[in-house]
Amino acid sequence: MKLRPDSLAFALSNAARALASVEAGTALPRALSELFDGANLPPAARGAIQDLCYRSLRQWGIAQALVSKLSDNPPTPPKLKALLACALALLSEDEPGYADHTLVDQAVTACAADPELARAKGMVNAVLRRMLRERATLLAQLRQHADLRWNYPAWWIAGLQSAYPSEWERVLAAGNAQPPLTLRVNLRKATVADMLDRFTHAGIAAHQVGPVALRLARPRPVHEIPGFADGYVSVQDAAAQLAAPLLDLQDGMRVLDACAAPGGKTGHLLEIAQLDLLALDHDALRLQRVAQNLNRLQLQAELRQGDAAAKDWWNGQLFDRILADVPCTASGIVRRHPDIRWLRRPEDAAQLARLSAAILDNLWTMLKPGGRLLLVTCSLWPEESEMQARRFIERSGARRLEAPGQLLPLAAADADHDGLFYALLEKPRV
Ligand SMILES: C[S@@+](CC[C@H](N)C(=O)[O-])C[C@H]1O[C@@H](n2cnc3c(N)ncnc32)[C@H](O)[C@@H]1O
């Protein structure tokens with residue numbers, strides 16, 4: 001049986017494939033692009049699949065526990081387990097997006113339509129109907145465990161409790177919320193007031209949340225945002241918009257954006273001043289996204305693929321400013337990437353901190369005396385952020401200038417931003 005692309009069963013069946021791939025260790029954006037590449041799906045179907053995946057991963061801990069509790073044997077193949085977990089995740093939501101019986105019916109239809117899974121349709125039906133009958137008791141029982149109540153791995157919760165004894169619960173809650181859509185206004189093309197006017201005329205509610213930051217009342221696809229296609233605005237979180245202004249940029253400076261892709265901050269650097277900018281990234285594919293972003297903004301930089309911990313890409317000319325947005329666990333942006341908490345391992349922070357330390361030591365040799373380097377991470381783990389900055393200052397003799405340090409994602413009404421870390425370092429003139 002072929003499922004109609006506009007049916008919930010179709011979306012569930014495809015979401016299960018992407019979720020099985022996340023379970024096998026693939027990041028969700030990659031799992032989705034592998035699913036979509038060449039599949040020629042209507043945009044609405046893609047949107048529905050994506051939405052199911054994001055919502056399921058926010059409930060993934062409890063969904064997995066429900067699968068174990070409600071099925072006699074571990075369901076195989078992985079696609080079947082993922083389909084069951086996806087439906088159970090959606091049935092565990094506090095504000096469900098679908099009527100219970102529609103969801104159960106469509107999950108069973110998705111199972112029946114897949115030759116590999118069809119034999120299990122009776123089991124899927126029985127498990128989901130039992131969930132409907134016993135939902136309140138099952139959820140109350142399982143939610144006695146903190147990791148299942150919060151839907152994070154236990155080690156993640158323990159790490160936040162130890163680093164942020166008074167804020168950890170707010171940080172966990174913010175990580176489970178839907179993120180806002182924040183835009184950066186390109187001051188080369190328009191003022192914030194111009195863009196607010198333009199949005200009002202288009203019937204789009206927005207308000208200012210930073211010097212050039214606008215938040216839309218309701219997230220929407222970029223092609224519906226006036227001025228996006230021709231570079232008047234870019235999508236960028238309010239905390240990420242702090243990076244470029246911290247570097248005190250002047251026209252004519254030679255600047256290195258050392259871990260540049262996909263180029264969110266590269267564009268902002270160039271919107272602020274006329275720079276001789278080199279945008280470097282290890283990943284050639286991601287570097288193409290920098291090129292696309294700069295094209296849209298009609299701004300120019302030299303793009304180069306290379307390892308920021310090596311020198312083979314460098315011509316020996318020192319930089320006035322370096323932006324080091326180093327690779328990290330991304331623990332500060334889990335609300336935008338709900339797969340991250342399930343894919344990371346406790347040892348990842350230490351491993352990534354070692355890589356970033358090597359990057360910092362290397363980049364420091366490329367900075368002019370009196371020049372500034374901005375260390376940025378989107379991590380909440382001190383090992384990658386504050387401890388990293390302190391250890392580097394001890395090794396290098398860098399002078400620490402005023403910068404926000406660790407910004408916690410607390411989803412406060414007046415400060416709803418991602419969890420980024422900033423340390424601004426100046427090289428002594430000797
Ligand atoms: C946090 S992201 C950068 C985000 C970007 N600055 C922005 O604002 O859009 C980190 C980037 O570092 C790159 N990266 C990882 N290891 C690297 C290395 N050794 N050298 C250069 N880039 C690296 C990754 O490919 C990734 O694009």
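Here are a few numbered points to help you find your way around this predicted model.

1. Some ground rules come before the tour. Residues are numbered from 1 along each chain as its sequence is written, and side-chain values use heavy atoms, with hydrogens and water left out. Because the model is predicted, local features need pLDDT of at least 70 and side-chain atom pairs count only at pLDDT 80 or more, while totals for chains, interfaces and linings use all residues.

2. A good place to begin is the open sheet, whose 7 strands follow the order 7-6-5-8-9-11-10 with mixed pairing. Strand 7 (302–305) and strand 10 (399–406) form the edges, each pairing on one side only. Helices (H or I, at least four residues) and strands (E, at least two) are DSSP runs numbered from the N terminus, and two strands pair if DSSP finds at least two bridges between them. From one strand to the next, the twist averages 15 degrees.

3. Now look at strand 5 (residues 254–257) and strand 6 (residues 276–281): they run parallel and are joined by 4 bridges. Leu256 stands opposite Leu278 of strand 6. Helix 14 (residues 284–297) packs on the sheet, touching strand 6 and strand 7, and its direction makes about 170 degrees with that of strand 7. Contact here means heavy atoms within 4.5 Å; axes are lines fitted to C-alpha atoms, for helices over the stretch in contact, and angles run from 0 to 180 degrees between N-to-C directions.

4. The ligand has 18 residues around it, and Asp281, Arg286, Asp307, Ala308 and Asp325 come nearest (a residue is near if one of its heavy atoms lies within 4 Å). This shell divides into 8 nonpolar, 4 polar and 6 charged residues, where Ala, Val, Leu, Ile, Met, Phe, Trp, Tyr, Cys and Pro count as nonpolar, Asp, Glu, Lys and Arg as charged, and the others, Gly among them, as polar.

5. Two ligand distances are worth displaying. A polar side-chain atom of Arg286 lies 2.8 Å from a ligand oxygen atom, and a polar backbone atom of Cys259 is 3.0 Å from a ligand nitrogen atom.

6. Please also check two cis peptide bonds. One runs from Thr76 to Pro77, with omega near 0 degrees; Pro77 is in the loop between helix 4 (60–70) and helix 5 (78–91). Another joins Ala261 and Pro262, with omega about 5 degrees, and Pro262 lies in the loop between strand 5 and helix 13 (264–272).

Definitions and conventions: Polar contact = N/O pair within 3.5 Å; in protein donor to acceptor, adjacent residues only side chain to side chain.
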